[in-house]
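Reader: I am in my first year and would like a close look at one part of this structure. Could you choose a single residue inside it, tell me what lies around it, and then work outwards to the rest of the chain?

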Amino acid sequence: MSTRRIKVAKKSELAVGKGKAVMIQGQEIAVFHTEEGFFACENACLHQGAPLDQGDLQGCMVICPWHAWKFNLKDGSFVSDPAFALKTYPVISEGEDLWIEFPSKN
Ligand code: FES
């Protein structure tokens, strides 16, 4: 599958410990700046759809703001049952800009 690079943020607008929601091709994506770098995943918790960009970060984990399910942002896996996983997207850091590699529709 081919991918497109899409600019999603300036590094300066995403401090360590923060997340941000962006809309790409009709899908809401959460971008995070963790202590272990930048990550991106779909922005809907697998439990009841909470916006994960508003969750707390612990290392490279995001904790859902509604009922505290915890996901590893490196692979999207639900910590209590890794058979379930969020979709994740590679984040590329270039100069001041952050880009996501997003699957192309074509
Ligand atoms: S909606 Fe995320 S844990 Fe319930």
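Author:
**Around valine 31**

Leaving aside residues up to four places away in sequence, valine 31 touches Val8, Ala9, Leu14, Gly19, Lys20, Val22, Phe38, Ala40, Val91 and Leu98, where two residues are in contact if their C-beta atoms, placed from the backbone, lie within 7 Å. Before going on, please note that this is a predicted model, in which local features need pLDDT of at least 70 and side-chain atom pairs count only at pLDDT 80 or more, while totals for chains, interfaces and linings use all residues. Residues are numbered from 1 along each chain as its sequence is written.

Valine 31 is found in strand E3, which covers residues 27–34; strands (E, at least two residues) and helices (H or I, at least four) are DSSP runs, numbered from the N terminus. Valine 31 counts as buried because 22 other C-beta atoms lie within 10 Å, and the cut-offs are 20 or more such atoms for buried, 12 or fewer for exposed, and partly exposed in between. The C-alpha atom of valine 31 is separated by 9.4 Å from that of leucine 52, a residue 21 residues apart from it along the chain.

Valine 31 also belongs to a wider group, since a nonpolar core is defined as a set of buried Ala, Val, Leu, Ile, Met, Phe, Trp, Tyr and Cys residues joined through C-beta atoms within 7 Å. The largest such core has 20 residues, and those that touch the most other members are Ala30, Val31, Phe32, Ala40 and Cys41. At least two residues of this core come from each of E3, strand E4 (37–42) and E10. In soluble globular proteins, nonpolar side chains tend to be buried together. Alanine 40, with residues up to four places away in sequence not counted, touches Ile29, Ala30, Val31, Thr88, Tyr89, Val91 and Ile100.

E10 leads to a sheet, an open one of three strands in the order E1-E10-E9 with antiparallel pairing, where two strands pair if DSSP finds at least two bridges between them. Its edge strands, each pairing on one side only, are E1 (3–10) and E9 (91–94). E9 and E10 (residues 97–103) are joined in the antiparallel sense over four bridges, and glutamate 94 stands opposite aspartate 97 in E10.

A further open sheet has three strands in the order E5-E6-E7, again with antiparallel pairing, and its edge strands are E5 (56–58) and E7 (70–72). Three bridges join E5 to the antiparallel strand E6 (residues 61–63), and in E6 the bridge partner of aspartate 56 is isoleucine 63.

Two loop residues make a contrast with valine 31. Glutamine 25, in the loop between strand E2 (18–24) and E3, has a positive phi of about 50° although it is not a glycine, and it is exposed, with 11 other C-beta atoms within 10 Å. Alanine 68, in the loop between E6 and E7, likewise is not a glycine yet has a positive phi of about 70°, and it is exposed, with 10 other C-beta atoms within 10 Å.

Seen as a whole, the chain has zero helices and 10 strands, and buried residues make up 25% of its 106 residues. Its C-alpha trace spans about 35 × 30 × 20 Å along the principal axes.
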